[in-house]
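Q: Please walk me through one part of this model up close, starting with a pair of neighbouring helices and moving on from there. I work at the bench, so plain language is welcome.

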Amino acid sequence: MAATNLSTFSSSLAKPTPLPLNTPYTHLALSSKAQSKPSFPCKPSFSHPSSSDTHRTPLRASSKNPISEFFPSNKQCPDDHSIDFDDDDKPREECGVVGIFGDSEASRLCYLALHALQHRGQEGAGIVAVQNNVLQSVTGVGLVSDVFNESKLDQLPGDSAIGHVRYSTAGSSMLKNVQPFVAGYRFGSVGVAHNGNLVNYRALRAKLEDSGSIFNTSSDTEVVLHLIAISKERPFVMRIVDACEKLEGAYSMVFLTQDKLVAVRDPFGFRPLVMGRRSNGAVVFASETCALDLIEATYEREVFPGEVVMVDKSGIQSLCLMPHPQPKQCIFEHIYFALPNSVIFGQSVYESRRRFGEILATESPVDCDVVIAVPDSGVVAALGYAAKAGVPFQQGLIRSHYVGRTFIEPSQKIRDFGVKLKLSPVRAVLEGKRVVVVDDSIVRGTTSSKIVRLIKEAGAKEVHMRIASPPIIGSCYYGVDTPSSEELISNRMSVEEIREFIGSDSLAFLPFDSLKKLLGDDSPNYCYACFSGKYPVEPRELKVKRVGDFVDDGINGSLESIDGGWVQAKPKTELEVSGA
């Protein structure tokens, strides 16, 4: 099944709460081209909704998102001593989405939910709400708290809203690429927020442009809006299905119209999307359950891979989107991206990371006096390691949460300046000790080497690195910001060579086979492309987005630099495509 608990874990989660009987919840049967053997319960027992939008009065779209504005990227700070601090040299989730239907304070709840999802993107945020058939949009560059205030939220009345937070890699963010997008077409207007990355974006865009389509952004999300606009299907939800049948890659999306909220997840289920409900009956969709918790919504279930869920005044309806392959959910959600208090793919993230640490302690033991974590993402795995090894866990590194991405360095250079801004060693914990340091991953290895040096300078006798994931050898094409494969240290060096590079006394990764064994029967449902180089969805184009340089939906980079954000795909003979 697409959504099952990790079978070997002891999960405290109860089964998803069924939807209240007083709210219709039906499964719609599609045409034969969209029918399939579903990977989730889908009873084709109901015809399409009777309401048609072929004669609907067009919506009026009033957007605060100045789509024509352009902010040049790659501006260099004139101060030679300014540094762009690369936040811990980690892969980054590209964005988080939220959708709310049926609450008079939808935009304010959306604002709070985006706060809970802030870890999924810090460089842009937006909310679209609908009232009186008008889609109002407020977007901005920066944190959620920077973009929104009381007066901005007052501009977003209505009982339905969608929101988005996003991350970009380098250069200045372009406001025109901050989602949600709002677009008008012949039957009205639609807003969309998207988490993921389309591997066939360029081919789709080229075909649309050949047909006369005009694009205002460099975002793959805009392609989805064009596909909806040109679709001949009726009603609106079927145009979404028609558009999604042309997409390849990862997408968890929420759409908003004058009277509907629609959530959709790609057939592989790469990126998470959950559904919940507030006590007043309002339906909520979000990238993680932590967003539901903050706004007091009860988690009900995941949006299943390949499912379209439509919410309107008449209730909730579910459609099977298209043929369902074996799900390929992103394993890095459990390793790094999601908050520990979230439930992702039906399993507690905290429990997953604790077990990763236990495996490291069992399979890669070492004599030590203290276990510490690289905060914040390594903490839970370190707790698991310490408990299994019978060694005390202590807070040997203190993380500052008040440092921005850019900081001015003094003229006299300070070694490892960027790391020292964020991480401070506790000498009383480290001095004279044999220290195990648990981190979630190693990407380029540059930050790990600085952390090891920092701990040794604080007086540690030995430093043993333990990494709660297998070595990363492949770049991600499914909506995660990772460097090119050539920059990944595990793709270039053996474990011993990496140990020498970072300067630790020992180094061990979570064994790949042990990870899959831990996942048990659900192991085939996860994507391991970053560990194996085997991609569930083959990049079919001559060029494929390199997300590390040019973000999935194009928030950074001038139009002139777009080509630099694409890398040649591997020749087809070299590209490994696996269903395992």
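**Helix packing, up close**

A: Helix 5 (residues 220-230) packs against helix 6 (residues 236-244) at an angle of about 125°, and their axes are 8 Å apart. That angle makes helix 5 oblique to helix 6 (under 35 degrees is roughly parallel, over 145 roughly antiparallel, 65 to 115 roughly perpendicular, and the rest oblique). Axes here are lines fitted to C-alpha atoms, for helices over the stretch in contact, with angles from 0 to 180 degrees between N-to-C directions. Helices are DSSP runs of H or I with at least four residues, and strands are E runs of at least two, numbered from the N terminus.

A word on the source: this is a predicted model, in which local features need pLDDT of at least 70 and side-chain atom pairs count only at pLDDT 80 or more, while totals for chains, interfaces and linings use all residues. Residues are numbered from 1 along each chain as its sequence is written, and side-chain values use heavy atoms, leaving out hydrogens and water.

Back to our pair: Val224, Leu227 and Ile228 of helix 5 touch Phe236, Arg239, Ile240 and Ala243 of helix 6, where contact means heavy atoms within 4.5 Å. In the loop between these two helices lies Pro235, joined to Arg234 by a cis peptide bond with omega of about -5°.

Now compare helix 9 (349-363) and helix 10 (residues 379-389), which pack at about 45° with axes 7 Å apart. These two are therefore oblique to each other as well. Among the residues that meet are Tyr350, Arg353 and Leu360 in helix 9 and Val380, Leu383 and Tyr385 in helix 10. Ahead of helix 10, Asp376 sits in the loop that follows strand 21 (370-373), and a cis peptide bond with omega of about 0° joins Pro375 to Asp376.

Helix 9 also brings us to helix 16 (residues 512-519), where Ser514, Leu515, Leu518 and Leu519 are buried (under 20% relative accessible area; exposed is over 50%, partly exposed in between, with a 1.4 Å probe and protein chains only). They span an arc of only 140° around the axis, which puts them on the same side of helix 16; the arc is that of the directions from the helix axis to the C-beta atoms. Their cover includes helix 9, strand 29 (526-527) and helix 17 (529-532). On the face turned away, helix 16 carries the exposed Asp513 and Lys517. After helix 16 comes Gly520, with a positive phi near 65°.
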